[in-house]
Amino acid sequence: MAKRILITGAAGFLGSHLCDRFIKEGFEVIGMDNLITGDLRNIEHLIKEKNFEFHHHDITKFVHVAGNLDYILHFASPASPIDYLKIPIQTLKVGSVGTHHCLGLAKEKNARILIASTSEVYGDPQVHPQNEEYYGNVNAIGPRGVYDEAKRFQESITMAYHRFHGLETRIARIFNTYGPRMRLNDGRVIPAFIGQALRGEDLTVFGDGSQTRSFCFVDDQVEGIYRLLLSDYSDPVNIGNPHEISILDFAREIIKLTGTDQKIVYKELPQDDPMQRQPDISRAKKILNWEPKVSRAEGMKITYDYFRGLSQDELQKREH
Ligand code: NAD
Ligand code: UDP
């Protein structure tokens, strides 16, 4: 019989790609989302699948699913700085109360649960690259604290359910991931630069652009999550692409990729913006036998071609 999996945040960027993958692997998938930052267009192609059903639900309210469940992937949460600064209380609630509901459901159904944590648990890191042993450097009361602390609490309560209730839990610390279906106006640097390129606007680099990030293509991320879920490892695992670049150099790459002659303009650096970020993926390599396969050049071309291929109407609809 097909395994049954609940995916929260199913209409979002990562959630929708995970739905695709688990349907492809023969699972029965229940997608759940309240559409606060997601978009039904991301999963509309799945509605006709007999193994897919969608539940419109806010997981900060009690979560109920009829029948058995084998797995839960808990991905519901605003994920871009613009989103979580706009809805800070919802962000705190979905990471805390929402996670509590998902863990309770997992316990009730005797299901294994994987939670989507983040490199933001390391805050503005003073250890480089970041490995899972590092405790992080987070400003709890700064504007980004609503996301970072929600995710740290999420990890904590997940480990408590694991230790106290013996629940099978997995923690993915996801580093900046990109690809088709991101929201062009979600404020994250890749959709921001691509949107600006498509509209012929200047590229906005925050600060002097010397801060670094390491970008992982979505297919690699999904593969890492898939392997982690099916592994027997319950401590956190970094999943990301270690290939690091400064934001200024990345803006220059975008200008080359798009073949445009846009200018770079500099804007104020947001408070607590991490200065350096690069995952140490030794643990994922060892435990999951996983490492990213898609180079930034390949992944960015796929992503740019995807957005370029959308009609004006579709582009506007995706900027909700
Ligand atoms: P996204 O905004 O595209 O997707 C999040 C989804 O969760 C949306 O569809 C949204 O409507 C839904 N959601 C939010 N609150 C909800 C609630 N209370 N009830 C039900 N649904 C709710 O973001 P994403 O990039 O796909 O991120 C997905 C997950 O991965 C998040 O938990 C995020 O923290 C984590 N993550 C993502 C990245 C990344 O680079 N994309 C990096 C680190 C962690
Ligand atoms: N950034 C930028 N211009 C933009 C959007 C973002 O220079 O238009 C910078 C941002 O300050 C950060 C980096 O790009 O240093 C990555 O930002 P993003 O929001 O994508 O991810 P996060 O900061 O959560 O890693």
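Ligand 1 sits within a shell of 28 residues, and those closest to the ligand are G9, G12, G38, S77 and A79. Three elements, helix 1, helix 3 and strand 5, each supply at least two residues of this shell. Helix 1 provides the largest share, with 3 residues. Sorted by class, the shell around ligand 1 holds 13 nonpolar residues, 13 polar residues and 2 charged residues. The model described here is predicted.

A second shell can be read in the same way. Ligand 2 is surrounded by 15 residues, with R188, V189, A192, T204 and F206 as the closest. Helix 5 (189–199) and strand 8 (203–206) are the elements that give two or more residues to this shell. Strand 8 gives the most, namely 3 residues. By class, the shell around ligand 2 comprises 7 nonpolar, 5 polar and 3 charged residues.

Turning to the fold, a helpful place to begin is the sheet. Its 7 strands form an open sheet in the order 3-2-1-4-5-6-11, and their pairing is parallel. Strand 3 (52–56) and strand 11 (236–239) are the edge strands, each pairing on one side only. On average, neighbouring strands of the sheet are turned by 20 degrees against each other, direction ignored.

One of the pairings in this sheet joins strand 4 (residues 71–74) to strand 5 (residues 112–118), in the parallel sense and over 4 bridges. Readers who wish to find this pairing in the structure can look for I72, whose bridge partner in strand 5 is I113. Helix 3 (residues 88–109) packs on the sheet and touches strand 1, strand 4 and strand 5. The direction of helix 3 makes about 170 degrees with that of strand 4.

Helix 1 (residues 13–24) also meets the strands: this helix lies across strand 1 (4–8), strand 2 (28–33), strand 3 and strand 4. Helix 1 runs at about 170 degrees to strand 2. Both helices return us to the starting point, as helix 1 and helix 3 are among the elements that supply at least two residues each to the shell around ligand 1. Strand 5, touched by helix 3, is another element that supplies at least two residues to that shell.

A word on confidence completes the picture. The mean pLDDT of the protein is 96, and 100% of its residues reach 70 or more. For the model as a whole, the scores are ipTM 0.97 and pTM 0.98.

How values were computed: Residues numbered from 1 in each chain as written. Chains lettered and ligands numbered in written order. Predicted model: local features only at pLDDT ≥ 70, side-chain atom pairs only at ≥ 80, totals over all residues. Pairing = 2+ DSSP bridges. Axes fitted to C-alpha atoms, helices over the stretch in contact; angles between N-to-C directions. Contact = placed C-beta atoms within 7 Å. Near = placed C-beta within 6 Å. Nonpolar A, V, L, I, M, F, W, Y, C, P; charged D, E, K, R; others polar. pLDDT = per-residue confidence, 0-100.
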